[in-house]
Amino acid sequence: IKKVADFEISVAAYPEAHPEAPSAQFDLDNLKRKVDAGATRAITQFFFDNDAYFRFLDRCAAAGITVPIVPGILPITNFARAVEFAGKCGAAMPQRFAETFEGLDADPETRQLVAATMAAEQCQALQAQGIKEFHFYTLNRSDLTVAICRMLGVKAKQPAVS
C-alpha cells in the first residue's frame with residue numbers, strides 16, 4: 001500500500017501476546033515483520049496492567065521496533081463481558097477490577113462512573129510515564145470516551161460563533 005501513496009499504516013500489537021501465538025517472542029517477531037513491511041505505528045490490544053505495556057515497550061525497543069506503540073484502552077461497561085473479552089484476547093484482568101465492579105451489575109449509572117474513572121486513571125498513569133496518545137475501544141459507547149477525555153483535560157472544540 002505504501003507504493004500507492006504515503007499512507008499512515010497502523011497494525012495490531014499485543015502487550016500480553018496474541019492468544020494464538022505459540023510464544024511471546026513469536027508474536028514480537030511478527031510485529032517486527034509488520035513494521036519492517038511499512039507499518040508506521042502499532043495500536044495495542046487493550047490491557048489493564050500498565051506494567052505489562054511498559055515491559056512490552058522494552059521488548060519492542062530491544063527488537064529494534066521504533067514506531068510509536070499506542071496503548072489500547074477499554075473502558076469497562078460490563079464487567080462480565082470484559083472478562084470474557086479479555087480472556088479471548090489474552091489480556092489479564094487484575095483482581096482489583098473484579099473487586100471494584102462487584103455488585104454494580106444492577107447499577108448502570110455507578111458502573112459508568114466507575115468505568116470512566118478507572119480508564120482515566122489508567123491513562124493518567126500512562127501519561128505520567130510519557131505516553132501521549134491513546135486508542136479507545138469505545139464499543140459504540142462514545143459517551144464514556146468523551147468523559148474520559150474530559151478527565152484528561154481534553155475538551156471538544158467549540159464551533160466558532162459568527
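## Salt bridges in a predicted model

Let's start with one pair: the side chains of K32 and D36 come together in a salt bridge, with 3.0 Å from N to O. Keep in mind that this is a predicted model. Both residues sit in helix 1 (residues 24-36), and being 4 residues apart puts them about one turn of the helix from each other. How open are they to the outside? K32 is partly exposed, at a relative accessible area of 24%, while D36 counts as exposed, at 54%.

How many salt bridges does the structure hold? There are 3, and here they are side by side:

| Salt bridge | N to O distance |
|---|---|
| K32 and D36 | 3.0 Å |
| D49 and R55 | 3.9 Å |
| E84 and K88 | 3.3 Å |

Now for the pair D49 and R55. Their closest N and O atoms are 3.9 Å apart, and this still counts as a salt bridge because the cut-off is within 4 Å. D49 is partly exposed, with 27% relative accessibility. R55 is partly exposed too, at 49%; the label fits because exposed means over 50%.

That leaves E84 and K88, whose side chains meet at 3.3 Å, N to O. Where do they sit? You'll find them in helix 3 (residues 79-89), 4 residues apart, so about one helical turn separates them. E84 comes out as partly exposed, at 47% relative accessibility, whereas K88 is exposed, at 57%.

Terms used
Residues are numbered from 1 along each chain as its sequence is written. This is a predicted model: local features need pLDDT of at least 70, side-chain atom pairs count only at pLDDT 80 or more; totals for chains, interfaces and linings use all residues. Side-chain values use heavy atoms; hydrogens and water are left out. Helices (H or I, at least four residues) and strands (E, at least two) are DSSP runs, numbered from the N terminus. Buried means under 20% relative accessible area, exposed over 50%, partly exposed in between (1.4 Å probe, protein chains only).
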